[in-house]
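Biologist: I am new to this model and would like a close look at a single part of it. Could you choose one, take me along it slowly and tell me what lies around it?

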Amino acid sequence: MVQVVFGIILGVIVTVGYLAFNSKFHFDHELTLNMVIATATVVATVIHFDSVQKQKRDRVWEINKGSLLNLSHAVADAIETSSKLTDQAFNEMQGIPDDTCNIDATNTGNKFQKTISESLNVYKPLLNSKLIEAIEDYQETEQKIIDKFNYNAINMFEAYELQWSAQQDLQHIIHKFIKKISGI
């Protein structure tokens with residue numbers, strides 16, 4: 001936005017300079033003065049509009065910062081847990097003993113579900129519609145995975161892998177939203 005304003009200012013300066021020093025052109029100082037005043041008014045309006053938009057983004061970020069960072073942290077923890085559970089399920093399928101996987105999947109899952117629920121039930125009016133849609137899509141996907149597993153359509157390894165993939169997609173959307181809203 002600032003680059004556009006500087007481009008407009010530079011264009012006006014070059015045009016006025018050319019017209020003022022061209023000997024074949026009758027230069028009207030009053031008209032030029034009116035053009036400069038009009039241009040300055042437009043530039044001031046653009047700067048004000050840009051400032052108001054930035055202030056709005058900053059307020060939205062300050063309001064949402066805590067909930068978005070908690071959501072991002074919970075998704076990251078859930079992804080890590082799903083990854084370890086996927087590895088553990090694969091090792092069990094292959095008959096490989098896995099004594100290294102000491103995770104509290106229930107605690108992480110409950111924390112993740114609580115954070116998702118808070119995001120939809122408490123912070124929904126403050127969130128972007130794309131982010132809300134992504135969270136709801138994730139919940140639907142997770143329920144489909146659970147249903148497939150319960151009806152033996154997929155095994156434990158495939159369930160964890162699908163869950164991990166859905167969580168990765170959700171994390172990507174959350175990160176894009178955080179970058180956009182924080183101004184990075």
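Modeller: Gladly, and let me begin with a term we will need: a residue counts as buried when its relative accessible area is under 20%, as exposed when that area is over 50%, and as partly exposed in between. Thr 32 makes a good first example, because its relative accessible area is 12%, which puts it among the buried residues. You can find Thr 32 in helix H2. Its C-alpha is 9.9 Å from that of Val 12, although the two residues are 20 apart along the chain. Please keep in mind throughout that this is a predicted model.

The part I have chosen is helix H5. It runs over residues 156–182, 27 residues in all. From its first C-alpha to its last, helix H5 reaches 38 Å, close to the 39 Å expected at 1.5 Å a residue.

Let us come to helix H5 from the side of its start. Asn 152 sits in the loop between H4 and H5. With a relative accessible area of 69%, Asn 152 is exposed, because that value is over 50%. Its backbone is worth a look too. Most residues other than glycine have a negative phi. Asn 152, in contrast, has a positive phi, near 60 degrees.

A little further on, at the start of H5, Asn 155 reaches towards the helix with its side chain: a side-chain oxygen lies within 3.1 Å of the backbone nitrogen of Phe 157. At the other end, just after H5, Gly 183 has a positive phi of about 85 degrees.

Phe 157 deserves a second visit, for its ring. The whole structure has 2 aromatic pairs. Phe 157 and Phe 90 make up one of them, with 5.6 Å between the ring centres and 50 degrees between the planes, which makes the pair tilted. Phe 157 belongs to helix H5 and Phe 90 to helix H2, so this pair ties together parts that are 67 residues apart in sequence. The partners are not equally covered: Phe 157 is buried, because its relative accessible area of 18% is under the 20% limit, whereas Phe 90 is partly exposed, because its 36% falls between the limits.

The other pair is formed by Phe 112 and Tyr 138, which are edge-to-face, with 5.5 Å between centres and 75 degrees between planes. Here Phe 112 comes from helix H3 and Tyr 138 from helix H4, so parts 26 residues apart in sequence are tied together. Both Phe 112 and Tyr 138 are buried.

Helix H4 brings us back to our chosen helix. Lys 144 is in helix H4, and its C-alpha is 9.8 Å from that of Ala 159, 15 residues away in sequence. Lys 144 is exposed, because its relative accessibility of 53% is over 50%. Ala 134 is in helix H4 as well. Its C-alpha lies 10.0 Å from that of His 172, and 38 residues separate the two in sequence. Unlike Lys 144, Ala 134 is buried, because its relative accessibility of 10% is under 20%.

Now for the pockets that helix H5 helps to line. The largest pocket has a volume of about 350 Å³. Its lining counts 19 residues, and those nearest the centre are Ser 82, Leu 85, Glu 142, Tyr 160 and Gln 163. At least two lining residues come from each of helix H2, helix H3, helix H4 and H5. Sorted by class, the lining has 10 nonpolar, 8 polar and 1 charged residues.

The second largest pocket has a volume of about 170 Å³. Asn 128, Lys 130, Leu 131, Ile 173, Lys 176, Phe 177 and Lys 180 line this pocket. H4 and H5 are the elements that give two or more residues to its lining, and H5 gives the most, with 4 residues. By class, this lining divides into 3 nonpolar, 1 polar and 3 charged residues.

To put the picture together, follow helix H5 once more from its start. There, Asn 155 contacts the backbone of Phe 157, and the ring of Phe 157 pairs with Phe 90. Helix H5 also helps to line the largest pocket and gives the most residues to the lining of the second largest. Just beyond its end comes Gly 183, with its positive phi.

Methods. Residues are numbered from 1 along each chain as its sequence is written. This is a predicted model: local features need pLDDT of at least 70, side-chain atom pairs count only at pLDDT 80 or more; totals for chains, interfaces and linings use all residues. Side-chain values use heavy atoms; hydrogens and water are left out. The expected span of a helix is 1.5 Å times one less than its number of residues. A polar contact is a pair of N or O atoms within 3.5 Å; within protein, one must be able to donate a hydrogen and the other to accept it, and residues adjacent in sequence count only if both atoms are side-chain atoms. On a 1 Å grid over the protein atoms alone, a cavity is a set of points where a 1.4 Å probe fits but cannot get out, and a pocket is an open set with protein on both sides within 12 Å along at least five of seven lines; lining residues have an atom within 4 Å of a point. Grid points are joined across faces, edges and corners, and a volume is the space filled by probe spheres set on the points. Ala, Val, Leu, Ile, Met, Phe, Trp, Tyr, Cys and Pro count as nonpolar, Asp, Glu, Lys and Arg as charged, and the others, Gly among them, as polar. Rings of Phe, Tyr and Trp (its six-membered ring) pair if their centres lie within 6.5 Å; planes under 30 degrees apart count as stacked, over 60 as edge-to-face and the rest as tilted. Buried means under 20% relative accessible area, exposed over 50%, partly exposed in between (1.4 Å probe, protein chains only).
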